[in-house]
Amino acid sequence: MSVPRGLLASYYDAPDRRTMDDDRPTLFVTWWCTGCCIALIGMRLLGRYTRVRTLFRDDSFMALTILPLLGHQAFVHVVLLYGTNNTTGTEAMGKEELRRRRIGSGMVLGARVTYAAL
């Protein structure tokens, strides 16, 4: 079966370079969502403890999910701050920017692992 080239052409092309100013709204929203998740987990734990004066096993699991949640957000923060190598125009980048993008690309793996753990 032959797939038309136009259908997947944009999937295989690397995106244009983005600056931190382009990614700042995304970074803000990811931190905001992470904060909301932590607040919801905290309200669940506080509500359970207030209602029955004890925490159950599932409450401890919920409390432990805060660790991979914060780990994932830390990785995502670095990825958005440094960028990745999956971009066009790498020939015009300096050594420092290439080093940062290499670090950001490595952090993508950590973000995926912590997302799976979450």
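Analyst: Welcome! Helices here are DSSP runs of H or I with at least four residues, numbered from the N terminus. With that in hand, α2 is followed by R53, whose phi is positive, near 60 degrees. Please keep in mind that this is a predicted model.

User: Thanks! What makes up the protein as a whole, in helices and strands?

Analyst: The protein has five helices and zero strands. Read from the N terminus, the order of elements is α-α-α-α-α. Of its 118 residues, 19% count as buried. The protein exposes about 8600 Å², and carbon and sulfur atoms supply 65% of that area.

User: How do you know that the span of helix α2 agrees with what is expected?

Analyst: Helix α2 covers residues 20-52, which is 33 residues. The expected span is 1.5 Å times one less than the number of residues, so α2 should span 48 Å. Its end C-alpha atoms lie 47 Å apart, and therefore the two values agree.

User: Which residues of α2 are buried, and what covers them?

Analyst: The buried ones are M20, D23, L27, T34, I41, L45 and R48. Their cover includes α3 (57-64) and α4 (66-82).

User: Why is W32 called exposed?

Analyst: W32 sits in helix α2. Exposed means over 50% relative accessible area. W32 has 52%, so it counts as exposed. Together with F28 and V29, W32 forms a nonpolar patch on the surface, and the three share about 360 Å² of accessible area.

User: What makes R53 worth a look?

Analyst: R53 has a positive phi of about 60 degrees although it is not a glycine. As a general rule, most residues other than glycine have a negative phi. R53 lies in the loop between α2 and α3.

User: Is R53 buried or exposed, and why?

Analyst: The cut-off for exposed is over 50% relative accessible area. R53 reaches 59%, so it counts as exposed.

User: Let's move to α4. How do you know that its span agrees with the expected one?

Analyst: With 17 residues at 1.5 Å a residue, α4 should span 24 Å. Its end C-alpha atoms are 24 Å apart, so the span agrees.

User: Which residues of α4 are buried, and why are they said to line one face?

Analyst: P68, L69, H72, Q73, V76, V79 and L80 are the buried residues of α4. Seen down the axis of α4, they fall within an arc of 135 degrees, so they line one face of the helix. In general, an α-helix has 3.6 residues a turn, so residues three or four places apart point the same way. The buried residues of α4 pack against α2, α3 and α5 (95-117).

User: What comes right after α4?

Analyst: G83 follows α4, and its phi is positive, near 85 degrees.

User: Why is V79 called buried?

Analyst: V79 belongs to helix α4. Buried means under 20% relative accessible area. V79 has 17%, so it counts as buried.

User: Which residues does V79 touch?

Analyst: Leaving aside residues up to four places away in sequence, V79 touches T84, G104, M107 and V108. V79 and L27 are 52 residues apart in sequence, with their C-alpha atoms 9.7 Å apart in space.

User: What share of the contacts joins residues 24 or more positions apart?

Analyst: Among contacts in the protein with a separation of 6 or more, such pairs account for 62%.

Definitions and conventions:
Residues numbered from 1 in each chain as written. Predicted model: local features only at pLDDT ≥ 70, side-chain atom pairs only at ≥ 80, totals over all residues. Heavy atoms only, no water. Helix = DSSP H or I, 4+ residues; strand = E, 2+ residues; numbered from the N terminus. Buried < 20%, exposed > 50% of the residue type's maximum accessible area, 1.4 Å probe, protein only. Contact = heavy atoms within 4.5 Å. Patch = residues over 30% accessible without salt bridge, like charges linked within 9 Å, V, L, I, M, F, W, Y side chains within 5 Å. Areas by Shrake-Rupley, 256 points an atom, 1.4 Å probe, with all protein chains shown as cover. Salt bridge = Lys/Arg side-chain N within 4 Å of Asp/Glu carboxyl O. Arc of directions from axis to C-beta.
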